[in-house]
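Please open the model in your viewer and keep the selection panel at hand. The tour begins with the whole chain and then moves to a few chosen elements.

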Amino acid sequence: MKTMRSMKGNQSSMTIKLKDNERLDELQRNGYRIIQNPEKFCFGMDAVLLTGFARAAKGERLLDLGTGTGIIPVLMEAKTNIGQLIGLELQEESADMARRSVELNGLSDKISIITGDIKEAGSLFKAASFDCITCNPPYMIGNHGLTNPDEPKAIARHELFCTFEDVARETSVLLKPGGHFYLVHRPFRLAEIMITLSRYKLEPKRLQLVYPYVDKEPNMVLIEAVRGARPRMTVEKPLIVYKEKDVYMPEIREIYGY
C-alpha cells in the first residue's frame, strides 16, 4: 500500500493511502491528481469533454450524478469559480477513491462526495437547491452484452441500477428554476433523450456532436438543458477529437489542458 501526501491548504500534513491496484493519474489542471483502479473503472474522454462543455458561474452550487471517482467535480473546480460541488455515487469503492482524491488535492472545503442512489437523489437533497447538475450516465440499455452484471464497469456502463429517465426525473426535482443540466451520452439514443428531457421540463438549449475523426460518425453528444426554459436550441459546431491517429485536435488539447 502506497502513501501520498495531500497537496495544499489546511490538509498539507494529511497522508492519503493508495490501496491495491490503485494508481494516481495527473489531470493537467492546477497540479490535481486522481486516484483510480484500472481493474474496476477509470474515467474516459466523455467525462473530460463534459467539463469542457459545462458552464458554471462564481459561487454556484453543482451536483454531479453518478460521480464515479470524482473526475467531474475535481475538473469543474479547476476550470471554474464555482462555490460548492457535490458528487453522488452508488458504489462505495468508487466513492471512497473520490473522497481520497478530494483530500489529496486539498479540496475538502469545496467538494463533498456522498454515497447514494441517483433514483433517490430527490430525497437526499433539498428540492431546487442546485444551480447546475452534471451527469455522465450509463449509456447501454439493460444487460445486453454483459458477462458479469456485478462488475463496477458493468454498473457504470449499463442501465442496471439507473435509467436515463431516473436521471431526468431527479434532476428536475433538484435544479433551481432556470438551472442548467449538462450531460454526455450516445447519439443513437438522442431522440429518446430529447423526449425525456422535455417530459421533465428540462428544455434542451445547446447540443454538440463529438466525432472521433472528421470523416467518421459521431460517437458522443453533449447537451445542455435548462429547467423551465422556452423552446429554442443552438447546435454548436462539431467537436472533432483526432486530427490523425493518436494526434488530438487543438480543441481537445485545450480541454485537457495540454
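Accessible areas here come from the Shrake-Rupley method with a 1.4 Å probe. On that basis the accessible surface of the protein chain, in what is a predicted model, comes to about 12500 Å², and 49% of this surface belongs to carbon and sulfur atoms.

With the whole chain still selected, display it as a cartoon, where eight helices and 15 strands make up the secondary structure to look through. Of the 258 residues in the chain, 49% count as buried, and among contacts with a separation of 6 or more, 67% are accounted for by residues 24 or more positions apart.

Next, select strand 9, residues 175-185, together with strand 8, residues 130-135, and follow how the two pair in the parallel sense over five bridges. Within this pair, show the side chains of C132 and H180, since these are the residues to look at: C132 stands opposite H180 of strand 9.

Keep strand 9 selected and add strand 11, residues 220-227, which pairs with strand 9 in the antiparallel sense over six bridges. H180 serves again as the landmark, for on this side H180 stands opposite V226 in strand 11.

Finally, select helix 1, residues 45-53, and helix 2, residues 71-79, which pack at an angle of about 35° with their axes 10 Å apart, helix 1 passing helix 2 in a right-handed crossing. Show side chains at the contact, where A47, V48, L50, T51 and G52 of helix 1 meet I71, I72, L75, M76 and K79 of helix 2; the residues of this contact divide into seven nonpolar, two polar and one charged.

How values were computed: Residues are numbered from 1 along each chain as its sequence is written. This is a predicted model: local features need pLDDT of at least 70, side-chain atom pairs count only at pLDDT 80 or more; totals for chains, interfaces and linings use all residues. Side-chain values use heavy atoms; hydrogens and water are left out. Two strands pair if DSSP finds at least two bridges between them. Helices (H or I, at least four residues) and strands (E, at least two) are DSSP runs, numbered from the N terminus. Axes are lines fitted to C-alpha atoms, for helices over the stretch in contact, and angles run from 0 to 180 degrees between N-to-C directions. A crossing is left-handed if the near helix is turned anticlockwise from the far one by less than a right angle, and right-handed if clockwise. Contact means heavy atoms within 4.5 Å. Ala, Val, Leu, Ile, Met, Phe, Trp, Tyr, Cys and Pro count as nonpolar, Asp, Glu, Lys and Arg as charged, and the others, Gly among them, as polar. Buried means under 20% relative accessible area, exposed over 50%, partly exposed in between (1.4 Å probe, protein chains only).
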